[in-house]
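Please open the model in your viewer and keep the sequence panel beside it, since the tour moves from one selection to the next. At each stop there is something to select and a short account of what is found there.

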Amino acid sequence: MEKLWSPIKVGNMELNHRLAMAPMTRSRTQEDGTPGELEAQYYSQRASLGLLITEGAQLSDDGQGYLWSPGIYTEQHIEGWKKITDSVHQAGGYLYIQLMHVGRMSHPENTPHHRQPVAPSAIAPGVDMFTAKGMQNIPVPRALSKEEIQTTIQEFRQAAAAAIAAGADGVEIHGANGYLINQFLGENSNTRTDEYGGSIENRARFAIEVAQAVVDEIGADKTGFRISPHTPLGGIEEGEQGPDLYRYLTTELAKLNLAYLHMMHLGNEELLKDIRSIWTNPLLVNRAGRTLENISTDLDNGLADLVPVGVWALANPDLVERLQTGAPLNEANPATFFGGGSEGYTDYPTLKALEKK
């Protein structure tokens, strides 16, 4: 694990090691999407991970999919995030706020305006979603007009500016996991016949224009981008052209000189190698099913520059210390992943806390 503990410069950050905290939905904000003291405690507890990528923050009412998820588009949101960024910085960490528009992965019960979800095309994902009334089928979304696409791009820009105003070190554009940008990339979720649908270049256009707008607003050194090739979340299928689509998208994003690319990797090793060869800036690889023993394998093989960790970081606020000393890890409790209060959120013990018992 020698390379795991070597320093690296990523965008505007000087990191002491190659671990990072992956974005994880935790659903614990106030009803209006404003994060509070509990969230500040949660993130600052994990500041030793260096780069913390937050849970997805919606950039508009249309962008919200889940109950109690954070927003980054009102003054109240900005003030709430300031508490988090201040706490993380005081603890020695960096914070990138993930900008998320869920697109069709929403339900009218879960949004402030209770309107029909929006998407590239009027095609439902075919999955259920948790609401205050229990699990419900996601309705057919309304297709965005070209004018609304431009408005949404500006919402990404404004959310990026709001994140910086809140003290964040940068933002990660969520182009993965079945959400809006990924819906534009999907062959079965985007049947548009205008310049935002059809060919690889057209399906990637929205992602590239969002990235360009954010870079224009806050700078490339403060902008990351997340992709999830062939991840079937939200019913997305990228089809046979999928690998070529991601090669093209990576090539175009590379021209923007972003701080990093964050890849959710499910096993297409050839595509990972191709993306690695195209992307010369820092590459984060979140490999599904990775064992603790193999945590540094992609680093050692030159396929990644950073290793984002999710559940291990969730359950172990002092994960860095535990890995460095070979200490056992806390077990995560899936029953407390989403919603609730401090239980399963800020009450996972550190080694120091256990030693005092």
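Select Asn 177 in this predicted model, and ask first whether Asn 177 is buried or exposed. With a relative accessible area of 16%, Asn 177 is buried, because the cut-off for that class is under 20%. The residue sits in the loop between strand 10 (170–174) and helix 4 (180–185), and its phi is positive, about 60 degrees, although Asn 177 is not a glycine. As background for reading that angle, most residues other than glycine have a negative phi.

Go next to Trp 68, where phi is also positive, near 60 degrees, in a residue other than glycine. To find Trp 68, follow the loop between strand 4 (51–58) and helix 2 (75–90). Here the side chain should be viewed with the surface switched on, since Trp 68 is partly exposed, with a relative accessible area of 37%. Which residues make a nonpolar surface patch with Trp 68? Add Phe 130 and Met 135 to the selection: together with Trp 68 they make a patch of about 340 Å². Trp 68 can count towards such a patch because its relative accessible area is 37%, and the patch rule asks for over 30%.

From the loop that holds Trp 68, move on to helix 2 and show the side chains of Glu 79 and Lys 82. Glu 79 forms a salt bridge with Lys 82, and the closest N and O atoms of the pair are 3.1 Å apart. The two residues are three apart in helix 2, which means that about one helical turn separates them. Glu 79 is partly exposed, with a relative accessible area of 41%, and Lys 82 likewise counts as partly exposed, at 30% relative accessibility.

For a pair that is not local in sequence, select Glu 195 and Lys 146, which form a salt bridge with their closest N and O atoms 3.5 Å apart. This pair links distant parts of the chain, 49 residues apart: Glu 195 lies in the loop between helix 4 and helix 5 (200–218), while Lys 146 is in helix 3 (residues 146–165). Glu 195 counts as partly exposed at 33% relative accessibility, and Lys 146 counts as partly exposed at 37%.

Now turn to helix 6 (242–254) and pick out Arg 247 and Asp 244, whose side chains meet in a salt bridge of 2.8 Å, N to O. Both residues lie in helix 6, three residues apart, about one turn of the helix. Arg 247 is partly exposed at 24% relative accessibility, and Asp 244 is partly exposed too, with a relative accessible area of 43%. Which residue should be added to Asp 244 and Arg 247 to show the network of salt bridges? Add Asp 274, which is linked with Asp 244 and Arg 247 in that network. For the model as a whole, the count comes to 17 salt bridges, when a side-chain nitrogen of Lys or Arg has to be within 4 Å of a carboxyl oxygen of Asp or Glu.

Step back along the chain to Thr 231, in the loop between strand 11 (223–227) and helix 6. At 4% relative accessibility, Thr 231 counts as buried. A distance drawn in the viewer from Thr 231 to Leu 299, C-alpha to C-alpha, should read 22 Å, for two residues that are 68 apart in sequence.

The next selection is strand 13 (residues 283–287), which is mostly covered, with four of its five residues buried. Strand 12 (residues 260–265) runs parallel to strand 13, and five bridges join the two strands. One place to look is Met 263, whose bridge partner in strand 13 is Val 285. Between the two strands the chain passes through helix 7 (residues 269–278), and this β-α-β crossover is right-handed.

Finally, colour residues 3–330, the range at which an unreviewed UniProt entry places the feature "domain: NADH:flavin oxidoreductase/NADH oxidase N-terminal". Over that range the chain is 33% helix and 18% strand, and the C-alpha atoms at its ends are 24 Å apart.

Note on methods:
Residues numbered from 1 in each chain as written. Predicted model: local features only at pLDDT ≥ 70, side-chain atom pairs only at ≥ 80, totals over all residues. Heavy atoms only, no water. Patch = residues over 30% accessible without salt bridge, like charges linked within 9 Å, V, L, I, M, F, W, Y side chains within 5 Å. Areas by Shrake-Rupley, 256 points an atom, 1.4 Å probe, with all protein chains shown as cover. Buried < 20%, exposed > 50% of the residue type's maximum accessible area, 1.4 Å probe, protein only. Pairing = 2+ DSSP bridges. Right-handed = clockwise from strand over helix to strand, strands pointing away. UniProt positions renumbered as here; feature names shortened; annotations may be inferred.
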